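Could you walk me through the enclosed and open spaces in this protein, and then through one of its helix pairs? A friendly tour in plain paragraphs would be ideal.

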Amino acid sequence: MAHRILITGGVRSGKSRAAEQRLAGSERVLYIATARCLDAEMERRIQRHRQARPAHWVTAEASSQLSAVLEAHPEGDVLLDCVSNMVTNLMLDAEPEYDSLSNDRVEEIEAMIGREFDELMDALERQDRRAVLVTNEVGLGLVAPYRMGRVFTDILGRLNQRLAARCDEVCLMACGLPLTLKAPGGE
């Protein structure tokens with residue numbers, strides 16, 4: 001039965017652990033890892049995440065065209081970790097420099113990212129799968145002093161709202177503790 005859960009929170013709030021716990025009893029899980037390994041620190045983070053996952057979970061490393069990833073792995077529950085990394089990757093794939101980018105181009109990029117996630121959510125609904133999506137909450141932080149950071153915050157903040165509207169359940173993690181923002185059947 002399809003059930004979509006969005007888990008949000010700040011950095012190191014316990015989002016990934018909570019998502020993994022939600023699917024701990026699942027026989028089949030497709031773990032979609034969106035982080036790209038760009039340096040030694042990121043490699044260590046990725047290794048910690050790999051070690052925390054059950055060995056029988058299938059991992060797909062991807063940061064775009066996730067509906068195709070779902071089609072290639074049509075069975076089991078899905079854990080997407082994380083939306084924030086994917087948005088960063090899609091933004092950088094579209095444009096490496098944001099300081100002088102026109103507002104029209106920024107809107108095009110946001111629309112493209114929105115379509116990517118609409119396709120993902122549509123695929124999850126078609127396949128009638130349980131899915132847990134992890135994302136960062138950007139609405140509680142400071143305004144970035146550089147344009148790309150502000151664009152990222154705007155895009156991810158609006159995308160999180162769209163995802164929350166399409167999910168059956170939304171949980172905010174803080175200090176490793178869950179706070180239910182939207183319960184199953186809730187608006």
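The lining of the largest cavity is made up of seven nonpolar residues, with no polar and no charged ones. Those residues are I32, V78, L80, L120, L124, A131 and L133. As you look for them in this predicted model, it helps to think in elements: β4 (77–81), α5 (103–127) and β5 each give two or more residues to this lining. The space they surround has a volume of about 30 Å³, and the count of cavities of 30 Å³ or more comes to one.

From there, let's move to the open spaces. The largest pocket holds about 1300 Å³ of space. It is lined by 42 residues, and the closest to its centre are M42, R45, H49, C82 and N85. Several elements give two or more residues to this lining, namely α1 (15–22), β2 (29–33), α2 (40–52), β3 (58–61), α4, β5 (130–136) and α6. Helix α2 gives the most, with eight residues. The chemistry of the lining is mixed: 17 residues are nonpolar, twelve are polar and 13 are charged.

The second largest pocket has a volume of about 160 Å³. To find it, look for L6, T8, E137, V138, G139, G157, N160, Q161, A164, V170 and L181, which line it. Both β1 (3–9) and α6 supply at least two residues of this lining, and the largest share, four residues, comes from α6. By class, the lining of this second pocket divides into five nonpolar residues, five polar and one charged.

Helix α6 is a good place to end the tour, together with a helix it packs against. Helix α4 (residues 83–94) and helix α6 (residues 147–166) meet at an angle of about 130 degrees, and their axes lie 10 Å apart. Because angles over 145 degrees count as roughly antiparallel and 65 to 115 as roughly perpendicular, this angle makes α4 oblique to α6. The crossing of the two helices is right-handed. On the α4 side, the contact is made by V83, S84, V87, T88, M91 and L92, while α6 brings M148, V151, F152, I155, L156, L159, N160 and L163. Sorted by class, this contact has eleven nonpolar residues, three polar and no charged ones. One residue is worth a second look: N160 takes part in the contact with α4 and also lines the second largest pocket.

Key. Residues are numbered from 1 along each chain as its sequence is written. This is a predicted model: local features need pLDDT of at least 70, side-chain atom pairs count only at pLDDT 80 or more; totals for chains, interfaces and linings use all residues. Side-chain values use heavy atoms; hydrogens and water are left out. Axes are lines fitted to C-alpha atoms, for helices over the stretch in contact, and angles run from 0 to 180 degrees between N-to-C directions. Angles under 35 degrees count as roughly parallel, over 145 as roughly antiparallel, 65 to 115 as roughly perpendicular and the rest as oblique. A crossing is left-handed if the near helix is turned anticlockwise from the far one by less than a right angle, and right-handed if clockwise. Contact means heavy atoms within 4.5 Å. Ala, Val, Leu, Ile, Met, Phe, Trp, Tyr, Cys and Pro count as nonpolar, Asp, Glu, Lys and Arg as charged, and the others, Gly among them, as polar. On a 1 Å grid over the protein atoms alone, a cavity is a set of points where a 1.4 Å probe fits but cannot get out, and a pocket is an open set with protein on both sides within 12 Å along at least five of seven lines; lining residues have an atom within 4 Å of a point. Grid points are joined across faces, edges and corners, and a volume is the space filled by probe spheres set on the points.
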